[in-house]
Amino acid sequence: METMQKYYISTSIAYINAEPHIGFLLELVSADILARYHQQLGEEVFFLTGTDEHGAKVAQAAEKAGQETQKYADQVSEKFRELTKEYNIGISEFIRTTDPKHIEYVQNAWKKLAEKKVLEKRSYTGHYCTGCEAFKTEREIVDGKCTIHETPVEKIVEENWFLVISPEVKAKIKEWLPAVYPAHKQNEILNILDEYDSISVSRPKETLKWGIEVPNDPDQVMYVWVDALLNYVTGILVAGKKIEDVWQNQTQIIGKDILKFHAIIWPALLIALDLPLPKQLLVHGFVNVEGKKMSKSLGNVITPTQLRERYGVDATRYLLFRQLNFYDDSSFSWSEFDAIYNGELANGIGNLTARLIGLLNRLPNGQEKVVQYLKSLDSEPIKNISPLKQVDYSATLQQVNELLKEGDGWISDQKPWTWTEEDWSKYDVASFKPLTKLFEASVLLHPFIPNTVESIRDQLHSLKSDPLFPRLTK
Ligand SMILES: [Zn+2]
């Protein structure tokens, strides 16, 4: 028997110092689309997401909320788990870095790093950004401020453990860099790789209480990134699977702000732990709102629930990949979401489906013929030419819209509403082009809007129409 091709996809784990926003939703849906696409191809998919729960920022947020840290973590983590349900995200496991299995593995991994002599304890002077939970290099600081957070960095002198990044490891990272997509992100790493001969991987307990203790050095706590990155391994264990059974054909999706961690620290850790490097590292941009950076203080944070309430789950999943540029920074806009919703969902696919069903009802024995015809169609060639194979979301939706336009155009040209009963009785359903085009579009759309595609299928089978995307009225 042929063994099933495997596919392992993960998002970054969400840092729980704040509640879920549109940026993380985008990442979750992007991974879900690829997971569903690979399921369509008949592969065995493991899909991991979760929450990153250690670090000073979480402890501070808990304190601010007047809560015990673990309780606070439980509560916020649950909101992210709820988000996966709210948006029909088909995850295999939800990893939390406070899970005892995670902590146990991370401490064992540390011991292995120590045995391999890639860890060194040194006194260190650096500039720390609490927002990033990271020491910043000179080029990442402008006027004493972190270039990402625009908040002052803190000068710190302390004893830390360091992960040594040897020239051999750097050579391996360079060799692996083509796995990073989009390709221009590879240069970002090439430009800074030489600055990293070692990376601080622990902090004194008095500065970082909320984290995993360093084995055999109880005064030190692991730097949150080492702990967090290993979730991609421990999530497999928490799911009750073997690492080697899942760790194949791996795609990781991350935001551009954490590229450095995933393209330098992460491969360095994996090399030391004798695990293969990911096949693909996809890097997405930031979502701004109406041209401005999304922030609590500006009061312009868009929540996933706001989107669901206005557009519904599937429409939101579609709009995120139609209005925003996944691999680039982009600006969310309510008016553009509304316009695309009405133009492409209510009027486009929704209207075409309804019109088509109205027309096909005039075909003698229409229902039977349609069901038989749909059964005869082969979805394999369409799946195989989907641009999702090249992780191109936007080209896939472009293709969908072209197919729907062809279907609409055919109806406008042929004017089947003018046909007589006799015309209909001579008509072969296979020549009814919009039906074929809608079928093809549905195959491409399935990973994006699975429930709607099911509904289209049901409506075509019964020839009873029910609005897929009711028009927005306000
Ligand atoms: Zn920062």
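Asn365 sits in the loop that links α13 (334-360) and α14 (366-376). This is a predicted model. Asn365 is not a glycine, yet its phi is positive, at about 50°. Its surroundings are sparse by the count used here: 10 other C-beta atoms lie within 10 Å, so Asn365 is exposed.

Val391 also has a positive phi, near 50°, and is likewise a residue other than glycine. It belongs to the loop between α15 (380-385) and α16 (393-414). Val391 counts as buried because it has 20 C-beta neighbours inside 10 Å, and 20 or more is the cut-off for that class.

| Residue | Phi | C-beta count | Class |
|---|---|---|---|
| Asn365 | about 50° | 10 within 10 Å | exposed |
| Val391 | near 50° | 20 inside 10 Å | buried |

Another backbone feature is a peptide bond. The bond from Tyr181 to Pro182 is cis, with omega near 0°. Pro182 is in the loop between β10 (180-181) and α6 (184-193). Most residues other than glycine have a negative phi, and most peptide bonds are trans.

Now the domains. The chain splits into domain 1 (6-284) and domain 2 (313-324 + 333-462). Their centres, taken over C-alpha atoms, are 41 Å apart. Domain 1 brings 13 residues to the contact, and domain 2 brings 14. On the side of domain 1 that touches domain 2, helix α1 (residues 22-40) gives the most, with eight residues. By type, that side of domain 1 holds nine nonpolar residues, three polar and one charged.

Methods: Residues numbered from 1 in each chain as written. Predicted model: local features only at pLDDT ≥ 70, side-chain atom pairs only at ≥ 80, totals over all residues. Helix = DSSP H or I, 4+ residues; strand = E, 2+ residues; numbered from the N terminus. Buried ≥ 20, exposed ≤ 12 C-beta atoms within 10 Å, placed from the backbone. Domains from an automatic or database assignment. Contact = placed C-beta atoms within 7 Å. Nonpolar A, V, L, I, M, F, W, Y, C, P; charged D, E, K, R; others polar.
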